[in-house]
Structures are given as C-alpha cells and as structure tokens.
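Got the viewer open? Let's walk through this one stop by stop, starting with everything shown and then zooming in.

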Amino acid sequence: MKSPVSFSFKSVSASVALSLGVSALVAAAWGAGVLASPAALFLFDDPATPSVPPQAWVVLLLIAAAGVGGGFALERLGARNALRLVALALIVLCVASLAASRFLHLDIVFAPMMFAGSGSLAAAQARRLWTIDRLLTTNVERIAVQPSALEGRGASARLSSGLKLLDTVLPLEEAVIFRLDEAGLPVQAARLRQAAGVGAAGDRNFAWREGVVMCERAMSGGEMIVQAGAEVAGVSRSSVAVPLGHDGQRVGALLLRLRGRFDESDGPLLKTVSAQFARNLQRDDARSLGVPEARSTFFSSRAARQRLEAFGVVSGLLTEQAFAGLVLSEASDAHAVAYLDGTLAYVNPRMLEAARVTARECRALDLFQLLERFRTGVFDEPSIAVRRVLQTGQAYERELTFLDHSQTLALRIALVIEAAGGDRTEHAERNGHAPPPLCLAVTVRDVTRLKELDKLKSDMLSLMSHELRTPITSINGFAELLMADERIPADAREFLSIINGESQRVARMLSTFLSVARLEQKDRQEVLMAPLMLDDVVRETIGNFQTAARRKRIRLAERDGQKLPPVAADRGLIMQAVANLVDNAIKYSPERTTVTLSTALEADAVRLTVEDRGYGIPSEDQDRVWEKFYRVSRDGRIKEEESTGLGLSFVREVVERHGGQVSLESEVGHGSKFSFTLPRL
Ligand code: ADP
C-alpha cells in the first residue's frame, strides 16, 4: 500500500497551495504593518538612513518563495530534515538581513520570509498528520463497526445470557450491569432478578443507591469490592461490585447480590466473565457513537474519544478471535498451523506428543523440522509433500506406520484458503480468480486402534470362512453322492440338487471372503510380481467363463487390440480380479447380450476393459461400488443374486497394490465399462 504521506504530485500540489495561502496571510500582515516590530529586530539600521524594502512585487515574490520553500522542503525531506534545512536557511538570511541593512540600507524582509517559511512548514506538517489521522480513524472504525462472525447476537442479549451463566455458579439474588453514560454516571444496562425481594419500596431505593455507590467505589479503585450484608432468615447475604474495564478504559461495573457469602474461589471466574461483559459494553458503546466525521477527528476531542473506543473494540475482537484458535488445544487430534513462510504459528499439545517434542524444543522448529519428526518410508521427503500441496492446492494425505512403537498415524497437510467454507471453485467462479492461500494446516490422527480393529475384522472374516469351508465341502460332496444314488426317489433328488446348488453358492461366497481377507493380511511386499501378458489373462478368463455365459445366452468375446508389452504382476491376483469383473458383467446383464474384453496400450500403462450391455449403474452409486460390502439395489433384485459387495473392492485393492488405477463408466439401461490400468514394465 502507498503511504498516505508519500511524496506525490497530489501531496506536493496540496502543500504548495497551502504554503501560498500561508504566504498570502503573512504578506497581508506585513502590508498592514503588523510585522513592523518583529521585523525591526532583524535590521541593523543606521538611524540616519533607515533601511528600505525593495518594491512591493519583489517583497511578495520573496515571501511566496520562502513559504513554498518551507512547504516543499517538508514534502521532499520529511519533518526532521526540513526543519534543519529551514533553520540553516533562516540563519543565513538573518545574517544577510543584518548585513544588508547595515551596509546597503536595504531591508530584505527577513521577518515575513521567516514567518512564511516556518508557517508553511508547520501547515504542511499539520496536513500530513491530519491525513494519517483521517485514514487511521476510518480504518479502525471500519473494523470496529463490522460485526464479528462469532458475535452473532446483540449486545444486550449477550449481557443477559452472561448473567444467566453467572447464575449457574453463584447463588444470585440480583445482578445488575451498569454502563457509564455520556456524563460518566452509572446507568443500568442489564439486570437479572430472582423472585421479587421482600421489603418496602423505601428499602429497595436505599439498597439501589447503596449498590450504585459500591459500584462507583469499585470503578474508582479499579478493584472488586465484597461487602457482607445483613442476615435474613439465618442466611448471611453479601454484595459484590466488580469494575468492568478493558485495555485500561473503564466502561461500567457489575453488581451482584448473593444469597450467602461470596466464595473467594469464585473470584477468577467472576473476573473473566466481567472482562467479557466489559468487551460487550465497549463494543456497544463504540457502535452507538457511530463512525465519526473523518474531517473533524484531528481537532475534536469527542471524535478522538470515539477513535479510542473503536480501538478498544478492535483489541477486544482480537482477544475474542484468539479463542477460536485455542479450541484446538482441546482437540483430540494433533494440529499445527504454519504461516506460508514455514514458521509454525500454532502447535497444539497433541501435536507435541505425536512429534515427541517439548513445547520448548518446538519453539525452535519450523514446519519442515516438525514434519521431519514423522519421516517414514512412505513419507521420506516432507519438503516435496509441502511443495505439492502449495503447487496444487490439494491436501496431502498419508498413513504412516511406525513399527518401532507399533503406531499408525494418518497425516494430512492442507492449504487453508480465504474463501468462506473453503470452496475454491465457488470463490473462483464468483471473483474470477482462485482464492488466496492463507496458511498450512497439518493434522495428525492416531489411527492405531482403528487399524487394529480392522485387522481383527479381517482375521475374523478369514477364520470364519476357513472354518465354514470344510463343512460346506462335506455337505456339497454328500449331496452329490446321494444324487448319484439310483435308489433315491426323484422328488428327494430334486431337494438334493437344491442343497447342492446352494452349498456351492455358499462355497463361492466363502472363497471371495477368503481371498479378500488374505489380500488384506498380506503386506505390500508379499505380492509376487512376475512378467505377465494381459492378453493371455483375457483369453484364459474367456475360456473359464464360456459355460456360465452360454447358460445365460451371453456372447463372451475378445476385441483384438495392438500387441502388448508384459506387466509386472501377481498372476493369481490379476486372474481373480478379471474373473470378478467378468462374473459381474454376466451376472448383471440380461440374456442375449454381449460381454467384451479388450486390452489397450497407454502412455506408461496397459489397460484391460470389461464392457457389458447390462443393467448399468446409476451415477450416484458409481463411486461407491468400489467400497467393501456396497451393493447397488436394482428393483429389489439384490436378494436374487449371489452378492457380497466384495468383488469390486477386491479388484481395486489388487490393482492399487500393483500401482494401477480402476475406472468405471456406466449408464443405466445401456451397460457398464469397467477397466483398470497396470504400469508397463
Ligand atoms: P457383488 O458381489 O455384489 O457383485 P461387487 O463389489 O462385485 O459385489 O459389486 C458391487 C455392486 O456393483 C453390485 O451389487 C452390483 O449391483 C454392481 N455391479 C457390479 N458390476 C456390475 C455390472 N457389470 N453391471 C451392473 N452393476 C454392476
């Protein structure tokens, strides 16, 4: 931003105009003879031949030159240097004046020049101060009158709810908040009263006056006053007056009448709540005064007071806004906020624990050094992660496993942007540019327990499937044996065939469960990679599924593509993944349709696609079909089919373990196109 007092054409012309004005005044005073006596002080006259001034127009020119010189020097050099220069010039001129009057009998009009020069300098400086003052006032006021997002409610509602809050901890009979009026006298701003007090009106007036006096004493002393009252029905009453102030300014007082003694341990809470009351009152006061006329601020004490109040509001807002940040200290996850220069702005206690540093050590760290504390195999270059976040604006997320202290942490580094609600696209659409980034937020969540539970679930799945496989195999086998027995009547044989079919279905589901569980239990390193030709996989899968496809009158075909390079993959897992896709394509397609398998070569990957002309998947389900146990309901069909919701999650897991990606295009009623890529060798 340009400084309001910088040297510019506008400021110079304003100063020159001001200087000419001052010079004109001085010239008028000189013409009227007002300056005769001070002028005589700088003349060393011979009484016989008194000095004479030059012609009037020369005098005017000299005065104007001195005035403009003073104003210009201030604009160009600033107050301190200009003052030195003008002082030097005046000394020289003073000597010249004395000499000229003594020897040449010439009056060089030094006194008017001096008044014009120094007057212009003072006027230009006053203009500068006034400009700054005006800008300061406008800015402070603008911030002060803007309601803060956290405020929500009006000042009086806030005062009342504050009194209610006090009522929950103190045995309140009455509570009154006083504010100071224009004349500095306390007037009631809010009041909370329990069941109407006993006593005559006269007593109440007396008690009120007594309370006001207590408040006045508290305000003038700046200290809380506790006064034990009379005992009524065996209970000793007490009154407390707390001064309300913020930043050294008194804004009012809080008077409490208690049914019982005041417990000193409630003092700190009372002080904190009072500080909040003070901020509310001050804010309300400042807003009721409104924005002062910017032009009058420099000279009006009322406007100056308004500015002071506005500044108090700004400082109160700063105090309250810090609360939002402090919420993080209570968060169960570890959080750190860093400025965009990499300095840490805030680190919560959980983050200190997670990074295994003390608060003291942390003060010496910057963002990168903090992230270094989480360095692992998958997070080996923290600075690269930060750079990616800064460049793309996308959050960086990784799961970090620390084997030495068997812990898994979910790390997230995100760029916090200015747009409300963090919606970049919305902001960009509205303002035509991307929202500016503000800071970086680092979150670390301990997911060790979640991982343990997940593993427990997988183990359980694996154990159950395994244990159930043996009995199911027996059921299946014996049913087949019995079916082959000629002695079994035809109707019983039909039941046996149902038992056989259903047990085979259960066996297939168990094998899906098992393969998913086994894959989850495997470490990434355990996936066996060997060169694999995807064309062979396609051909073999088509062979395996031909019978099933024919049963549903579905044509299973391979589309010829270009020659493919091999990929590094685990043959068993890839075969199973492609089988799942083809199985789905047959399962979710009506009769007399075609399922096509194809392969294609891409820039650095090989793609395998399974395309059907089946029922299709609604767009809202397309992202979710890859989730475990997710099944798309289609006219209540879900029950009829052999469905676990695990097949596609297995495909994605296998493909991602190989460094590839899955994708899906589908349209309801037209069919689906499932595909995946594998990096080429
Ligand atoms: P499932 O064992 O139920 O087939 P998947 O994970 O393989 O489990 O599939 C999840 C859901 O996606 C299924 O319930 C099905 O509705 C839908 N789906 C999968 N493949 C297709 C497809 N080729 N056409 C239509 N819907 C499909």
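Accessible areas here come from the Shrake-Rupley method with a 1.4 Å probe, and for residues only the protein chains shown count as cover. With the whole chain selected, that gives about 38,200 Å² exposed, 57% of it supplied by carbon and sulfur atoms.

Before you click further: this is a predicted model, so local features need pLDDT of at least 70 and side-chain atom pairs count only at pLDDT 80 or more, while totals for chains, interfaces and linings use all residues. Residues are numbered from 1 along each chain as its sequence is written, and side-chain values use heavy atoms, with hydrogens and water left out.

Now switch to cartoon and colour by secondary structure. You should find 19 helices and 17 strands; these are DSSP runs numbered from the N terminus, with helices being H or I of at least four residues and strands E of at least two. Of the chain's 681 residues, 40% count as buried, where buried means under 20% relative accessible area, exposed over 50% and partly exposed in between (1.4 Å probe, protein chains only). Contact means heavy atoms within 4.5 Å, and among contacts with a separation of 6 or more, 66% join residues 24 or more positions apart.

Next, select the ligand and its shell, taking a residue as near if one of its heavy atoms lies within 4 Å. Of the 20 residues around the ligand, which come nearest? They are Asn584, Tyr588, Asp612, Ser643 and Leu648.

Turn on polar contacts, meaning pairs of N or O atoms within 3.5 Å (within protein, one must be able to donate a hydrogen and the other to accept it, and residues adjacent in sequence count only if both atoms are side-chain atoms). A polar backbone atom of Leu648 sits 2.8 Å from a ligand oxygen, and a backbone N or O atom of Gly645 lies 3.2 Å from an oxygen of the ligand. Taken alone the ligand exposes 530 Å², and the protein buries 97% of that. Helix H17 (571–587), helix H19 (647–657) and strand E17 (671–679) each give two or more residues to the shell, with H17 supplying the largest share, three residues.

Last stop: Val337, in strand E6 (residues 334–338). Buried or partly exposed? Val337 is partly exposed, because its relative accessible area is 21%. Its contacts, not counting residues up to four places away in sequence, include Leu328, Tyr346 and Cys439. Click on Cys439 to finish: this one is buried, at 16%.
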